[in-house]
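Me: I am new to this structure and would like a close look at one part of it. Please show me where the protein meets its surroundings, and then follow the story from there.

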Amino acid sequence: MPEGHTIHRLARELTRDLVGGALAVSSPQGRAAATAALLERGTLARIDPYGKHLFLRWKTGLTLHVHLGMYGKFHRFEPPGPEPRPTVRLRLAGERLVVDLIGPTVCAIIEPGEEARLRGRLGPDPLARGTRPELAWERLRRRRTAVGAALLDQSVLAGVGNVYRAEALFVHGIDPCRPASTLTREEFDALWATLAGMLRHGVRDGRIITVDPTEFGYRRRSRIPPEQARYVYRQPFCRRCRTPVDRFLLAGRWAYRCPHCQPRL
DNA sequence: TACATATGATCAT
DNA sequence: TGATCCTATGTAA
């Protein structure tokens, strides 16, 4: 399940295994049948990630826009792959790889103008090349909402989701309920650097590990068991100081805060 | 069988 | 703020 790191990792893997040869495109579920028909036997030119969005560019000039939402997944198989499950929205079958797209929020051809509008709404993606944190800072400091709400707003920062929000704010001792406008430039710069680092690790690891391994006696991040990989997100106790973690809804999502490590202002 | 839950986002009110 | 969409899984009943 996807925050920005999942999308960037997918872009790499699918680029490696799908770009180049002709693909059989189908929609076993039927809902994307028209889209599949437009792409059938087509060849991918490139795949671009941005934030939580994936843009699959075909040599015909068409672009397939995919957003996984909360439950969306790509299942990967060695060709020819199994009989598709009835929920498969789109199957892309190539020489080296078969992928099934399940449960996305968006899976549709997008026109250039529409893509431009979408990108215009999105804030900078810390994983994108040549990204501009300045824009995130300008938007964040004008928000009247809590910083924990602002971080989930994709027009402020693209690619950050609920886990990274909880963990990055923890690392810097920031209470998620603090008004975004009270953040100092120094705090923002530190938060951006942390988020960018966490996202990059996420791409590399294929999962979200936010704790410093040495803090728990591990030499390598990869050795950390899943239940120990985070400081506060879905943790009953703060992994650093053992204080019970606060859980409360913020911007409609569960937020996590250590009352000791992230005191109110 | 039913219900709760999940790393998301949009639209109506 | 609440309803809604999309799917799979784990737990309770």
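Reply: Let's start with a term we will need straight away: a polar contact is a pair of N or O atoms within 3.5 Å, and within protein one atom must be able to donate a hydrogen and the other to accept it, while residues adjacent in sequence count only if both atoms are side-chain atoms. This is a predicted model, in which local features need pLDDT of at least 70 and side-chain atom pairs count only at pLDDT 80 or more, while totals for chains, interfaces and linings use all residues. Residues are numbered from 1 along each chain as its sequence is written, chains are lettered from A and ligands numbered from 1 in the order in which they are written, and side-chain values use heavy atoms, with hydrogens and water left out.

The part I have chosen is the surface near DNA strand B. A residue is near a strand if one of its heavy atoms lies within 4 Å of it. There are 20 such residues around DNA strand B, and K52, M70, Y233, R234 and R253 come nearest. R253 has a side-chain N or O atom 2.5 Å from a phosphate oxygen of DNA strand B. R234 also reaches a phosphate oxygen of this strand, with a polar side-chain atom 2.9 Å away, and for H67 the corresponding distance to a phosphate oxygen is 3.3 Å. Looking at the strand's own atoms within 4 Å of the protein, 63% are sugar or phosphate atoms, and the rest belong to bases.

Which elements each supply at least two residues of this surface? They are α6 (162-171) and β10 (253-257). Helices (H or I, at least four residues) and strands (E, at least two) are DSSP runs, numbered from the N terminus. By class, the surface near DNA strand B has eight nonpolar, seven polar and five charged residues. Here Ala, Val, Leu, Ile, Met, Phe, Trp, Tyr, Cys and Pro count as nonpolar, Asp, Glu, Lys and Arg as charged, and the others, Gly among them, as polar.

Now turn to the other strand. DNA strand C is surrounded by Q29, R31, Y71, R85, T87, R89, I102, G103 and T105. Sorted by class, these make two nonpolar, four polar and three charged residues. For DNA strand C, 58% of the atoms within 4 Å of the protein are from sugar or phosphate, and bases supply the rest. Three residues show three kinds of partner atom. The side chain of Y71 places a polar atom 2.2 Å from a base nitrogen. Q29 has a side-chain N or O atom 2.4 Å from a phosphate oxygen. R89 has one 3.5 Å from a sugar or linking oxygen.

Away from the DNA, H8 is worth a stop. This residue sits in helix α1 (residues 4-18). H8 counts as buried because its relative accessibility is 10%; buried means under 20% relative accessible area, exposed over 50%, and partly exposed in between, with a 1.4 Å probe and protein chains only. The side chain of H8 makes a polar contact of 2.7 Å with the side chain of D125. Setting aside neighbours within four places in sequence, H8 is in contact (heavy atoms within 4.5 Å) with P49, G51, D125, L127, A128 and V203.

Charged pairs are our next stop. Side chains of opposite charge can pair when their charged atoms come close. A salt bridge is a side-chain nitrogen of Lys or Arg within 4 Å of a carboxyl oxygen of Asp or Glu, and the structure holds 19 of them. One joins R46 to D48, with the closest N and O atoms 2.9 Å apart. R46 is partly exposed at 47%, whereas D48 is buried at 14%. Another joins R141 and E138, at 3.7 Å. These two are three residues apart in helix α4 (residues 133-142), which separates them by about one helical turn. R141 is partly exposed at 39%, as is E138 at 27%. Elsewhere, salt bridges that share partners link R9, E13, R16, D17 and R76 into one network. Within it, D17 and R16 come to 3.3 Å, with D17 buried at 15% and R16 exposed at 54%.

Finally, back to α4, whose buried residues are A136, W137 and L140. They lie on the same side of the helix, because they cover an arc of only 100° around its axis, taken from the directions from the helix axis to the C-beta atoms. These buried residues of α4 pack against α5 (147-150) and α7 (185-205).
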